[in-house]
Amino acid sequence: MGLLQLFLVVGIFCASSVVGFGVDPALRISVFDELTLGEGFDGVTQVQGFHSESRAFHFQGSSREVVAPVEVSEQMVQKLRGKNEFTVLVTLKQDHLNSGVILSIHHSEHRFLELESSGQRSEVRLHYRTKGQQAHTEVFPYSLADDQWHKVSVAVSASHVILYVDCNRIYERVVEAPYMDIPEDASFWLGQRNAAHGFFKGVMQDVEILVMPQGYISQCPDLNRTCPTCNDFHGLVQKIMELQDILAKTSSKLSRAEEKMNGLDGCYCERTCSVKGVVYREDEGWTDGCRNCTCSNGTVQCEAISCPPPQCPAGTAPAYVKGACCKECQPICLFGGRELVEGDEKAVRDSAGRCLLFECRDRTMHRVVPSEPCPELNCAESEQIALSDRCCKVCRGHDFCSEGHSCMEHSDCVNLEAGDCCVCKDGFRPLRDDNSYCEDIDECAEGKHYCRENTMCVNTPGSFMCICHTGYIRIDDYSCTEHDECLSGLHNCDENALCFNMVGGHSCSCKPGYTGNGTVCKAMCDGLCQNGGTCVSPNNCVCQQGFTGKRCETDINECKTGRNTCANDTVCFNLDGGYDCRCPHGHNCTGDCIHDSKVKHSGQIWVLDSDRCSVCSCQAGQVMCRRMVCDCDNPNADLFCCPECDPRLSSQCLHQNGLLTYGSGDTWVENCQQCQCLQGQVDCWPLPCPPVDCEFTVVPEGECCPRCVTDPCQADTIRNDITKTCTDEHNISRFSGSSWIKHGTECTLCQCKNGHICCSVDPMCL
């Protein structure tokens with residue numbers, strides 16, 4: 001099939017389930033443990049956390065420097081370097097309205113990974129650098145700075161980002177993929193961006209980075225774990241691009257080979273066989289281990305050597321000799337009632353307990369004097385083993401195979417308790433009884449394969465392959481069919497079902513969360529949706545007005561929740577699915593309000609007891625609340641609610657360059673970000689850019705927002721369309737976004753941009 005069809009098929013079958021979950025310690029970065037937090041960091045104290053299973057720390061003040069030492073930072077960064085799948089986890093309780101950095105990995109001014117929470121703007125921000133070496137900030141509108149505990153995780157898989165808060169999926173986005181080639185001297189900060197900015201204030205617990213795409217499951221094990229990750233898909237696309245490069249290079253080599261072959265028309269060519277670096281001519285024979293081989297028409301043909309039983313005279317016994325396949329008669333020695341052949345060694349102990357080593361040579365046992373003492377063992381005496389063929393003991397689990405063995409090709413050496421033995425690899429069988437020599441099993445010829453309809457069995461070393469007949473397409477490793485009804489859309493599966501192609505047809509199976517026969521699938525809800533609710537997707541009921549709950553089983557008490565319009569002293573009475581406003585006997589319903597069990601008269605204004613920054617008023621029987629309006633000209637302004645009115649020096653902020661100071665409430669623009677000083681804290685967020693709806697964009701030098709361009713070769717960002725491919729100089733189709741070295745050059749890099757080929761020369765390569 002074509003590359004585009006393969007691309008689409010892979011996209012369909014990428015949705016597979018993730019089975020099981022476990023975190024390899026090599027993939028976990030426990031930031032508290034790596035920094036040995038609690039030892040010598042000012043402004044950081046250990047406190048009671050969200051749970052008691054791990055340590056929690058309170059971050060306070062603005063004079064701390066929680067940064068990892070150089071060697072510790074490199075150990076943590078090494079696990080992240082070059083990875084495009086990772087998850088940042090933290091459990092936190094952030095002070096009200098605080099804006100601070102949870103963790104930051106940066107080099108100079110380049111932030112490679114930084115997670116920030118802004119209480120001033122109720123945002124969570126993920127800062128990183130893209131593969132185009134551009135700074136990028138992904139903003140998620142959400143408030144964590146409410147002095148409440150939250151479980152937070154940000155999962156990144158290539159260009160796929162998911163934000164979870166308290167085990168709820170809040171945002172899921174497709175972004176530019178992060179560039180994680182982090183320099184070796186990058187710094188790792190916790191609870192701040194650097195020594196002067198981004199101070200997080202509050203409590204943090206379980207700060208971890210897991211080098212895996214679905215690490216949030218370790219924080220919330222009950223979450224559904226569904227693949228695919230975008231990295232799986234992008235990885236396959238990358239492999240296809242690499243195959244395109246291989247195809248282009250192969251085409252070039254084939255072209256040169258054809259040119260050379262054209263000059264060989266007048267030559268006589270003899271087909272030869274090359275085995276292990278040795279070239280054999282036609283009909284030439286040789287012995288390969290336990291096989292006699294012949295070169296026939298360029299193909300190696302081998303037969304196993306048949307070993308007749310040796311007829312050994314007295315004083316000899318059959319034994320294997322190095323370099324020979326069959327047993328040969330060898331002289332024997334009698335020692336301790338046992339027969340030993342030439343070269344065998346035997347260790348015995350005398351009456352004094354000393355070990356003596358003897359070797360069978362020329363039918364006589366000769367004493368062998370060791371040339372050096374036994375090596376010192378690093379294991380307990382109970383773990384030491386005495387051997388029959390040497391005086392020196394060894395530790396249990398000793399690697400005998402590393403001392404040399406007789407296992408040849410297709411045979412593996414396996415360590416035993418007191419020696420080693422040979423075992424044939426899978427798909428091979430022994431040619432002699434000690435398994436030193438093994439031959440391939442031809443599963444195709446012997447009928448030991450699983451190839452089914454429309455396939456041909458092809459033997460391979462140690463295994464076999466099932467090749468589809470011409471005109472058929474593969475279903476699985478063992479069977480092929482004439483048509484793929486699932487891919488072509490010629491099936492009757494429900495839109496909420498999975499289609500499986502089979503020989504002669506297809507089958508349908510409802511997706512998880514749906515029930516039916518595959519052609520008709522309906523969403524499943526555990527128990528019927530109550531009170532008129534409708535099941536619209538798995539375990540998701542849409543409730544009628546006035547009801548709530550997973551199954552719409554709970555009546556909303558509009559009177560208690562304040563979700564009613566009763567006014568003018570009328571009293572709210574809750575009803576199933578609604579409410580009623582009634583005027584009490586003896587009242588005239590003048591428009592007074594009831595707030596916190598207190599009567600507030602119409603037109604009355606008051607400050608909330610629970611939030612001194614909110615002002616409420618009673619208007620025609622309804623309570624209206626809003627944030628306090630700040631008047632900095634008023635000398636009695638509440639600085640807690642109006643930090644921008646604070647003139648004190650402690651409320652000033654330092655510019656990023658360290659040369660300018662700003663008062664509380666001042667704003668400025670730095671590196672395409674809008675910054676504001678509030679009570680001594682600097683909070684910055686990306687400048688808003690108008691949306692651009694075009695195929696090619698570029699950010700001009702000195703500007704912050706992208707602009708549309710018509711020339712694709714000038715664009716630094718393109719909206720890739722996989723249907724718009726390019727044809728290179730070898731007539732190879734290239735996907736949009738792929739790049740390759742131009743044929744015949746070493747320094748010209750070409751890239752496909754939505755059907756347009758853009759090439760440029762790297763001056764550093766010349």
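**Exercise 1.** Does Arg354 count as buried, partly exposed or exposed, and at what relative accessibility?

*Solution.* This is a predicted model, in which local features need pLDDT of at least 70, side-chain atom pairs count only at pLDDT 80 or more, and totals for chains, interfaces and linings use all residues. Residues are numbered from 1 along each chain as its sequence is written, and side-chain values use heavy atoms, with hydrogens and water left out.

Step 1. Recall the classes: buried means under 20% relative accessible area, exposed over 50%, and partly exposed in between (1.4 Å probe, protein chains only).

Step 2. Arg354 has 56% relative accessibility, so Arg354 counts as exposed.

Step 3. Turn to the partner: the side chain of Arg354 meets that of Asp350 in a salt bridge of 3.0 Å, N to O. A salt bridge is a side-chain nitrogen of Lys or Arg within 4 Å of a carboxyl oxygen of Asp or Glu. Asp350 counts as partly exposed because its relative accessibility is 21%.

**Exercise 2.** Describe the salt bridge between Glu116 and Arg193 and place both residues in the chain.

*Solution.* Step 1. The N to O distance between the two side chains, Glu116 and Arg193, is 3.6 Å.

Step 2. The pair links distant parts of the chain, 77 residues apart. Glu116 lies in strand E6 (residues 110-118), and Arg193 in the loop between strand E12 (187-190) and strand E13 (202-210). Strands (E, at least two residues) and helices (H or I, at least four) are DSSP runs, numbered from the N terminus.

Step 3. Glu116 has 2% relative accessibility and therefore counts as buried. Arg193 is also buried, at 16%.

Step 4. Both residues belong to a network of salt bridges whose other members include Arg111, Glu114 and Asp683. The structure holds 34 salt bridges.

**Exercise 3.** Where is Asn754, and which residues does its side chain contact?

*Solution.* Step 1. Asn754 sits in the loop between strand E61 (748-753) and strand E62 (756-761).

Step 2. With a relative accessible area of 4%, Asn754 is buried.

Step 3. The side chain of Asn754 reaches the backbone oxygen of Arg719 at 2.9 Å. A polar contact of 2.7 Å joins the side chains of Asn754 and Ser736. A polar contact is a pair of N or O atoms within 3.5 Å; within protein, one must be able to donate a hydrogen and the other to accept it, and residues adjacent in sequence count only if both atoms are side-chain atoms.
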